[in-house]
Amino acid sequence: MIRLRPAANRGHANHGWLDSYHSFSFADYYDPAEMGWGALRVINEDRVMPGKGFGMHSHRDMEIISYVLSGALQHRDSIGNGTIIRPGDLQRMSAGQGVMHSEFNPSANEAVHFLQIWILPKVTGIVPEYEQKTFRTEERHGCLRLIASPDGDQGSVTIHQDAWVYTTLLASGERIESERSRDRLAYLHLVRGGLTLNGTQLGAGDGAKVREETRLTIVASEESEFLLFDLPASE
């Protein structure tokens, strides 16, 4: 089963300094049919205007991943981290027993465009953690590049959940095939471009919920970038 989550049906909030699209229920956007997919709880596509951002705020018991598409995102937190995240970088923050952080656009003239992703952890109350890694463009072309996993395999960041996250860049006409366990879920989020997933057409911003599929065939109809989440069947 593959169920399309069209980009046009996402929640949307434009606050002037922040333009945000929500794949799943978030803040003032609520749809009881879109509360996440397995352990995947949030995918927000955010654009933050120059010199603006999210002030210090708290999180707990959540795996939070930031994936920058263009521009730069400045991160500060209550456990002593202060970094700038750019395209190709992946940031993981395990909020655990509680952490404060802020996210700002340090540019004076360029918006920052990024995905904020929340994954429910399988353990709660841990000491907060922070991790950031860079994945070069060439290592993401034409393959499923692992970027987050339970054990940090292949240089990925480590998340506290039985979930694997991959990123891929495809040229027009390129295809990827992946064998899967029937008893796990998957979610594909198309960042840009156009492709088919087992014959289902996706455009930029679309998502696809996958259940009980043992093989995924992904074919790009134009230059594309996507994230693929391999998730436990229940959470």
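The paragraphs below lead through one sheet of this predicted model and then through some of its salt bridges.

We begin with the sheet, which is open and consists of four strands in the order 5-10-7-8, paired in antiparallel fashion. Strand 5 (53–59) and strand 8 (82–85) stand at the edges, and because each has a single partner strand, one side of each is left without a neighbour in the sheet. From one strand to the next, the twist averages 20 degrees. Within this sheet, strand 7 (residues 73–77) and strand 10 (residues 99–104) run antiparallel and are joined by four bridges, and Arg 76 has Ser 102 in strand 10 as its bridge partner.

We turn now to the charged side chains. Side chains of opposite charge can pair when their charged atoms come close. The structure holds 22 salt bridges, and one of the pairs is formed by Glu 45 and Arg 47, at 3.6 Å from N to O. Here Glu 45 counts as buried, because its relative accessibility of 9% is under the 20% cut-off, whereas Arg 47, at 31%, counts as partly exposed.

Another salt bridge joins Glu 223 to Arg 192, with their closest N and O atoms 3.3 Å apart. Glu 223 lies in the loop between strand 21 (215–220) and strand 22 (224–231), while Arg 192 belongs to strand 17 (residues 185–192), so the pair ties together parts that are 31 residues apart in sequence. Glu 223 is exposed, with a relative accessibility of 52%, and Arg 192 is partly exposed at 33%.

Finally, salt bridges can also be followed through a network, which links Arg 3, Arg 5, Glu 34 and Lys 209.

Technical notes
Residues numbered from 1 in each chain as written. Predicted model: local features only at pLDDT ≥ 70, side-chain atom pairs only at ≥ 80, totals over all residues. Heavy atoms only, no water. Pairing = 2+ DSSP bridges. Helix = DSSP H or I, 4+ residues; strand = E, 2+ residues; numbered from the N terminus. Axes fitted to C-alpha atoms, helices over the stretch in contact; angles between N-to-C directions. Salt bridge = Lys/Arg side-chain N within 4 Å of Asp/Glu carboxyl O. Buried < 20%, exposed > 50% of the residue type's maximum accessible area, 1.4 Å probe, protein only.
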